[in-house]
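These are my notebook entries on one protein chain. I looked up a few places in turn and wrote down what I found at each.

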Amino acid sequence: MRGTTVHLDLNRDEMVMFGASFGSLAWFDQELPAGSVVLIEEPDVIRRRGLDRYCAELPLTSRVVAAEYQTGLDVDALLDREPGLAAARLVMPGQEYAVGAAARLAERLGLPGAGVAAADIFTDKHRMRLLADGAGLANPAYELVDHPDRAVRFARRHGGRCVLKPTRRSGSLGVQLVGDPAEIGPAWARSADPEPSAEATERGLPTEVLVEQLLVGTEHSVELLVADGEVLFANVTDKRIVGGRFPVETGHTVPSALPAATCRALTDAAVRLAHAAGFRSGMLHSEWILADGVPTLVECAARVPGDMITALVSIAYECDFIGAYLRVLRGERPQLPAGPIGAAAIEFLLAPPGRVTAVQGVKAALRVSGVLDVQVDVAVGDTVAELISSAQRAGHLLVWGADQAEAEQSARKAAEQVQFTVG
C-alpha cells in the first residue's frame with residue numbers, strides 16, 4: 001500500500017509490544033523481521049482469543065509472554081520472571097489498555113516512552129479533563145458522578161442534554177449522547193459497566209462515569225509525533241460520526257480540509273496539552289470538537305490511533321509514519337514531510353443488525369477510482385449487533401485522492417456499492 005512500508009532493522013526479541021489486535025499483528029508481521037517482537041498479553045486474553053496458536057503462525061513474534069498488566073504492572077516481578085525483556089530496544093503499547101504498562105517498562109529500561117505520569121493521565125478521562133483545565137484549554141462542562149441522579153441534575157443544568165462516558169474505555173465503548181434526562185437512568189449501566197471488549201481482561205477494568213456538556217460542532221483529531229518533548233510532526237484529521245445516541249466514527253480524511261488558521265489552532269491546542277502532561281516520546285492522538293470555532297477537547301490517547309489513521313497519514317504524506325514512530329521509541333529523530341502530497345480517506349462499512357444472509361458489491365467497490373483496499377469483516381451467517389461502538393462496524397475501505405473532496409467522494413461512492421442483507 002502506497003507510503004505505508006516500514007523499514008526498521010530489529011534483531012530477535014528487540015521489540016516488546018503490550019497487547020495488540022489480530023489486525024495490527026498481521027500488518028506488523030508483513031513489515032518487521034521474523035522473531036523481532038515479544039508480545040505480552042493478559043493470560044485470560046491469550047486463552048480466550050487463542051493468541052498462542054495465532055502467534056505461532058506469525059514469523060514476527062518470537063514468543064508470547066503471559067502477564068497481568070491492565071490493572072497494574074509489577075515491572076520488577078516481570079523482569080525477574082522474563083530477564084530477556086531487558087534486551088529490548090523499544091517498547092510500545094498495542095492498544096489502549098496497555099499504555100500504562102508500556103510506559104512503566106520503557107521507563108524501567110531507560111527507553112523512550114510517553115512517561116508514566118502522562119500515560120496515567122491520558123488513560124483516565126477525568127484526569128485528562130483536570131489537566132486541560134489547568135492548562136487553560138477549552139473543556140465542556142463536566143462532572144465525575146457516582147449515581148444516575150447526579151447525572152440527571154447535571155443534564156438539567158445544561159439544557160437537558162449530556163454525554164455519558166466511562167473514564168477508562170476506548171473505541172467509543174460506553175459513550176452515549178443523551179437528549180433527555182429521563183433517558184439517563186435506563187442508559188446508566190452501559191456507561192458505568194460497559195460490555196467487555198475482546199482486548200480487555202476478564203478481571204474487569206475499573207472505571208468511573210463522567211457526565212459532560214453535549215457540544216455541537218465538527219469533530220477532528222490531531223496526531224503528534226513527539227521525541228523527548230519536541231514535536232516532530234503534526235497532522236489534523238477530519239472525522240465523520242454516525243448520528244444517534246452512540247457517537248461511533250464512520251470515516252476519516254487526512255489531511256483536514258479546514259482553513260490553515262483553524263488547523264494551526266487545533267495543532268497548537270494539542271501541543272499545549274502534550275506539554276502540560278509532560279508527554280515525552282511517542283504518538284499522541286487527541287480528539288477535538290470545534291464548538292463556535294474554538295478547539296474543545298473530547299479526549300486524548302497516548303498511543304497510535306486506531307481506525308487506520310496512521311495508514312491515512314502514510315498515504316497522504318507519502319511517508320513511513322509507523323516506521324517513524326518506532327524510530328522515535330528507539331531514540332531516533334526521523335524526518336517527516338512538511339506537508340501532504342494528496343489526501344486519503346477511510347470509510348467504515350455499516351451493516352444493519354441481524355443475521356447476514358448476503359454480502360454484495362465488493363468487486364464494484366474496488367473498481368471505484370482511488371480505492372486502494374476493501375475489507376469486509378462479516379460473512380454470511382454472522383450476526384451483526386447494534387452499532388454501539390467501533391467493534392460493531394462491518395468493515396472498511398481505503399481511498400486515495402488528489403485532494404480531500406476527491407478522496408471523500410470516492411470513499412462514499414465505493415461504500416454505497418457494498419450491500420449487506422440481513423434476516
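**Entry: a helix pair.** I looked up how α8 passes α9, and the crossing is right-handed. The model I am reading is predicted. I noted that two packed helices are described by the angle between their axes and the distance between the axes. For helix α8 (residues 148-157) and helix α9 (residues 184-192), the angle is about 115° and the axes are 10 Å apart. I then listed the residues that meet: α8 contributes Pro 148, Ala 151, Val 152 and Ala 155, and α9 contributes Ile 184, Gly 185 and Trp 188. Sorted by class, this contact of α8 with α9 has six nonpolar residues, one polar residue and no charged residues.

**Entry: Ser 36.** I went next to the loop between α1 (22-31) and β2 (37-41), where Ser 36 lies. Is Ser 36 buried or exposed? I recorded Ser 36 as buried, because its relative accessibility is 0% and the cut-off for buried is under 20%. I then asked which residues Ser 36 contacts once its neighbours within four places in sequence are left aside. The list holds Leu 10, Asn 11, Arg 12, Asp 13, Glu 14, Met 15 and Leu 60. I also took a distance from Ser 36 to Val 271, which is 235 residues away in sequence; their C-alpha atoms are 32 Å apart in space.

**Entry: Thr 267.** I found Thr 267 in helix α10 (residues 260-277). Its relative accessible area is 18%, so I entered Thr 267 as buried, the limit being under 20%. Setting aside neighbours within four places in sequence, I noted contacts of Thr 267 with Val 222, Ala 234 and Val 236. I also checked Pro 295, which is 28 residues from Thr 267 along the chain, and the two C-alpha atoms are separated by 9.4 Å.

**Entry: Pro 255.** I looked at the loop between β11 (249-254) and α10, which holds Pro 255. The peptide bond that joins Val 254 and Pro 255 is cis, and I noted an omega of about -5°.

**Entry: positive phi values.** I recorded two residues here. Asp 228, which is not glycine, has a positive phi near 50°. I placed Asp 228 in the loop between β9 (218-227) and β10 (230-241). Asp 228 counts as exposed because its relative accessibility is 58%, and exposed requires over 50%. Glu 318, also a residue other than glycine, has a positive phi near 45°. I found Glu 318 in the loop between α11 (309-317) and α12 (321-329). How does Glu 318 count at 44% relative accessibility? I entered Glu 318 as partly exposed, since that term covers values between the 20% and 50% limits.

**Entry: Asp 120.** I located Asp 120 in helix α6 (residues 116-122). Leaving aside neighbours within four places in sequence, Asp 120 is in contact with Arg 104 and Arg 127. I then looked up Ala 277, which is 157 residues from Asp 120 along the chain; the C-alpha atoms of the two are separated by 9.7 Å.

**Entry: the whole chain.** I closed with the protein chain as a whole, which has 14 helices and 19 strands. Its radius of gyration is 21 Å, close to the 22 Å that the globule rule gives for 423 residues, so I noted the chain as being as compact as a globular protein of that length. Along the principal axes, the C-alpha atoms fill a box of roughly 55 × 50 × 45 Å. I recorded 56% of the 423 residues as buried. Of the contacts with a separation of 6 or more, 69% are between residues 24 or more positions apart. Last, I entered an accessible surface of about 17000 Å², with 49% of that surface belonging to carbon and sulfur atoms.

How values were computed. Residues are numbered from 1 along each chain as its sequence is written. This is a predicted model: local features need pLDDT of at least 70, side-chain atom pairs count only at pLDDT 80 or more; totals for chains, interfaces and linings use all residues. Side-chain values use heavy atoms; hydrogens and water are left out. Axes are lines fitted to C-alpha atoms, for helices over the stretch in contact, and angles run from 0 to 180 degrees between N-to-C directions. Helices (H or I, at least four residues) and strands (E, at least two) are DSSP runs, numbered from the N terminus. A crossing is left-handed if the near helix is turned anticlockwise from the far one by less than a right angle, and right-handed if clockwise. Contact means heavy atoms within 4.5 Å. Ala, Val, Leu, Ile, Met, Phe, Trp, Tyr, Cys and Pro count as nonpolar, Asp, Glu, Lys and Arg as charged, and the others, Gly among them, as polar. Buried means under 20% relative accessible area, exposed over 50%, partly exposed in between (1.4 Å probe, protein chains only). The radius of gyration is taken over C-alpha atoms; the globule rule is 2.2 Å times the number of residues to the power 0.38. Accessible areas come from the Shrake-Rupley method with a 1.4 Å probe; for residues, only the protein chains shown count as cover.
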